[in-house]
Amino acid sequence: MSTALGKPVSASGGAPPARRFRGKNKGKRWTRDKDTELAVIRLPLDVHEPDTRHRTEDLFSAMWSIKRALQRDARDAVDAYWAGDVRREVDAKAWRLELGLSREGMERRAYRHMEHSKHLAHHVTKALVMHQADEVFETSVSRHLFPDASGRRHGRPRVGRWWDYTRIPGRARSHTTSRTWETFRLHGTLAGHLDTYRHRSLDRTFLTPEQVAALPAGIGVLEQPRHLPKPARPSGRVQTGEVTAKNTPKTRAATWWDHTGPLAVVFTGGADSRRGDLVLPVRLPSGSGRWPRLLHFLNNPDTWHKIDLVRRRDTSAPGGWAYQAHLTVLTGGYASPTTKARRAGAAALERVGGIDGNVSNLSIVSFPNTFDPADGGVEATRIEPSDEELAAEGPLVTWSP
């Protein structure tokens, strides 16, 4: 096993080509304001088409191969780091950099795995590979080499299991340059999804998502088919809003950024892929009770930040896996007006509470936040399921050592 960072060699056997770098960013780097919150919404994806499902499975398989190789590299490099007692005592940082135990070192290892492979470039991009390497460094290498605030270290990096690989980290969009997503992108609008899959019984006077969100719960809003069709990429040419020297409108080729129909997650495919875009339709909740939450997360595309592609075991789904897009949004989490009122009422009580969940009941205890008995006593409530609820849940099975 060679732990040193090798240099690429040209196929002709001569001197390696000079590596090209983009250079240091001359613009102001975007940073999230400390007051800006983050929240995540899970969007179910439809992969019923065999070609779409196979491409998604191949994507997870390729990314798992890269992660497994990086975990093995990290484990071997960490063993070499602890075995080099003299080098570590002289200059531990230089020894780590020589072994590639840094964020950039793990990224270069990932690039080499992708470049030396004959098939990975057909499924993945360098942006995905880079963020996978960053995740391995943060979760395995960094936590093992550097102790936390309590002085504890994580164990030696190990290789995970295929069945536990459930998330492909995406790359955040650029908030300084418009229309720049380097991995998974969300296209479409909430209004376009409503217009395409409007429920047949929904009054036509409710045209916008804001109007639908104001409806009471229990009203059908969407009527989505069991198998969602893939939205077509816009074609033709669109006007740019500018004019030429001859005072004629300028036009450009239509792209996915001009898609205003139903929501869909789009991935351009691997660097060497010839199969076009991977389009995954998004399925939204159909009832009006969920639309205030959808309006909170999906009605402002400027707040969409990053998408991770996630899978979970589902025996009823084709292929045994159900797929989701976890969309990170630059906004706080959603709370209904009823929940906000309940929280405000609980905060006005100025009491500290605790909950103890048991097998067959739930115990709640509270006391004044001043810890002074003169301000009030201890109150306890025990919640137990009724006979009807127990019958609906089936027989209760308990275990005791």
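The lining of the second largest cavity in this predicted model divides into two nonpolar, two polar and three charged residues. Asp 46, Val 47, His 48, Glu 49, Thr 52, Lys 230 and Pro 281 form that lining. With Asp, Glu and Lys counted as charged, the three charged residues are Asp 46, Glu 49 and Lys 230. Val and Pro count as nonpolar, so the two nonpolar residues are Val 47 and Pro 281.

The structure holds two cavities of 30 Å³ or more. The table sets them side by side.

| Cavity | Volume | Lining by class |
|---|---|---|
| Largest | about 60 Å³ | three nonpolar, five polar, two charged residues |
| Second largest | about 30 Å³ | two nonpolar, two polar, three charged residues |

Around the largest cavity stand Arg 55, Leu 59, His 122, His 123, Phe 267, Gly 269, Gly 270, Ser 273, Arg 275 and Leu 278. Arg counts as charged, so the two charged residues of this lining are Arg 55 and Arg 275. Gly counts as polar, and therefore Gly 269 and Gly 270 are among the five polar residues.

Strand 7 (residues 278-281) contributes to both linings: Leu 278 lines the largest cavity, and Pro 281 lines the second largest. Leu 278 and Leu 280 point one way from this strand, whereas Val 279 and Pro 281 point the other way. All four of these residues are buried.

Strand 6 (residues 264-267) runs antiparallel to strand 7, and four bridges join the two. Phe 267 has Leu 278 as its bridge partner in strand 7. Both Phe 267 and Leu 278 belong to the lining of the largest cavity.

Conventions
Residues are numbered from 1 along each chain as its sequence is written. This is a predicted model: local features need pLDDT of at least 70, side-chain atom pairs count only at pLDDT 80 or more; totals for chains, interfaces and linings use all residues. Side-chain values use heavy atoms; hydrogens and water are left out. On a 1 Å grid over the protein atoms alone, a cavity is a set of points where a 1.4 Å probe fits but cannot get out, and a pocket is an open set with protein on both sides within 12 Å along at least five of seven lines; lining residues have an atom within 4 Å of a point. Grid points are joined across faces, edges and corners, and a volume is the space filled by probe spheres set on the points. Buried means under 20% relative accessible area, exposed over 50%, partly exposed in between (1.4 Å probe, protein chains only). Two strands pair if DSSP finds at least two bridges between them.
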